[in-house]
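Me: I have a model open and want to learn to read it. Please take me through it, one feature at a time.

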Protein chains: 2
Amino acid sequence: MQKRRLGPCVTFFPQPTTIISTRSEAGEVNLMTASWAGIVSKTPPTMAVSLNQGRQTYENIRATGMFGVNGVPSSLVLEADLCGVRSGRDLDKLETCHLDVEEGSVLPVPLLQQSPLNVECRFDREIEIGDYRLILGEIVEIHAVEAAFDEDGTIDATVFDPLVYLGGVREYWSLGERCGVAYRDGLKLLE
Amino acid sequence: MQKRRLGPCVTFFPQPTTIISTRSEAGEVNLMTASWAGIVSKTPPTMAVSLNQGRQTYENIRATGMFGVNGVPSSLVLEADLCGVRSGRDLDKLETCHLDVEEGSVLPVPLLQQSPLNVECRFDREIEIGDYRLILGEIVEIHAVEAAFDEDGTIDATVFDPLVYLGGVREYWSLGERCGVAYRDGLKLLE
């Protein structure tokens with residue numbers, strides 16, 4: 001397949017759309033949208049979020065030692081976009097976006113009420129990469145929307161309706177169709 | 001919204017489906033599917049991939065100092081799943097999956113021919129997190145499928161048809177509809 005060279009850049013996708021929720025030392029809640037977020041270990045469960053060292057969210061995480069990572073449903077696409085382009089230093093994003101927080105169960109960390117998937121993280125360490133700081137957080141609890149579970153505990157992903165971000169293309173997309181089941185469907189190729 | 005506590009685990013999504021391409025010291029190409037992959041810095045452009053220290057791919061990256069990160073189109077869902085569950089020590093995944101590699105432009109790193117988005121990475125450093133190793137790689141070049149660009153250089157994401165992975169739910173999904181344009185649509189909330 002014919003390809004075009006883009007040079008060394010950050011065009012890569014798909015990515016999650018997440019909102020990072022933190023509190024400042026003075027107690028003010030802030031929200032920041034991040035797509036550079038993901039799981040990095042199962043032993044112990046660890047999440048990584050990368051953000052510019054100049055962000056209010058970075059200051060808050062270092063001051064309080066905790067943060068929430070909140071999945072964004074496609075219904076909150078405008079709110080998520082605004083929470084990515086404006087700083088909490090200039091705008092009360094919760095009020096502008098009509099969003100609310102609730103407290104974590106394990107840590108006194110704010111979590112986004114309107115998110116179907118909240119991850120409570122305790123700051124572990126940071127890694128310096130140019131102007132960015134890769135924050136590692138130990139996952140101490142995960143909350144998932146009750147309505148997504150059936151009686152057997154099976155999860156219906158459509159209830160989460162997760163918003164996908166395409167970095168470089170700068171677009172938000174919804175999920176389409178289920179294409180396969182992991183750790184199972186690939187084995188058909190061995191038959 | 002009513003939520004259920006899942007405990008400290010790694011249920012988080014959406015995530016990318018990527019295939020990491022490497023070569024052993026002896027020159028054998030290996031492919032490994034990874035969803036714990038993403039951008040972590042723009043200065044310099046840096047990619048992170050987390051993998052178990054016991055994987056052949058980890059050994060290859062440390063031996064050669066380079067790796068490719070290849071986006072997976074939904075048409076390759078079976079192949080991607082198989083490349084995640086079987087080790088290159090037991091199976092020639094390229095032969096079984098009828099996949100091919102081509103050489104990188106900047107580094108002598110194998111890249112997946114059938115992938116619409118290839119990232120060439122030079123090993124930067126590794127971070128130990130339990131049994132896992134978070135590999136940081138400097139992005140030295142990105143290749144994107146030519147057919148996705150129109151005359152103005154605008155990218156049509158549907159040509160990439162990126163496969164989304166839902167960790168915890170263990171499902172692969174395609175993209176649905178475009179819900180918004182980033183760095184723009186959220187500003188409507190300020191009007």
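Me: How many residues does each chain bring to the contact?

Reply: Two residues are in contact if their C-beta atoms, placed from the backbone, lie within 7 Å. Here chain B brings 85 residues and chain A brings 85 residues. This is a predicted model: local features need pLDDT of at least 70, side-chain atom pairs count only at pLDDT 80 or more, and totals for chains, interfaces and linings use all residues. Residues are numbered from 1 along each chain as its sequence is written, while chains are lettered from A and ligands numbered from 1 in the order in which they are written.

Me: Which element of chain B gives the most to the side that touches chain A?

Reply: Helices (H or I, at least four residues) and strands (E, at least two) are DSSP runs, numbered from the N terminus. Strand S13 (residues 171–181) of chain B gives the most, with 11 residues. The residues on that side of chain B split into 49 nonpolar, 21 polar and 15 charged. Ala, Val, Leu, Ile, Met, Phe, Trp, Tyr, Cys and Pro count as nonpolar, Asp, Glu, Lys and Arg as charged, and the others, Gly among them, as polar.

Me: Why do the copies meet through the same surface?

Reply: 100% of the interface residues of chain B are also interface residues in chain A, so the surface is the same.

Me: What turn lays chain B on chain A?

Reply: Copies are superposed by least squares on the C-alpha atoms of residues with pLDDT of at least 70 in both. A turn of 180° with a shift of 0.0 Å along the axis does it, at an RMSD of 0.0 Å. That is the relation of a two-fold axis. In chain B, Gly176(B) comes closest to the rotation axis, at 1.7 Å (C-alpha).

Me: What is the strand order in the open sheet?

Reply: Strands of a sheet pair through backbone hydrogen bonds, either parallel or antiparallel. Two strands pair if DSSP finds at least two bridges between them. This open sheet of 6 strands runs S2(A)-S12(A)-S13(A)-S13(B)-S12(B)-S2(B), with antiparallel pairing. Its edge strands are S2 (12–16) of chain A and S2 (12–16) of chain B, each pairing on one side only. S2(B) and strand S12 (residues 164–167) of chain B pair over 3 bridges. There, Pro16(B) has Val164(B) as its bridge partner.

Me: Which strand of chain A pairs with strand S1 of chain B?

Reply: Strand S11 (residues 132–145) of chain A pairs with strand S1 (residues 3–5) of chain B, antiparallel, over 3 bridges. Ala144(A) stands opposite Arg4(B).
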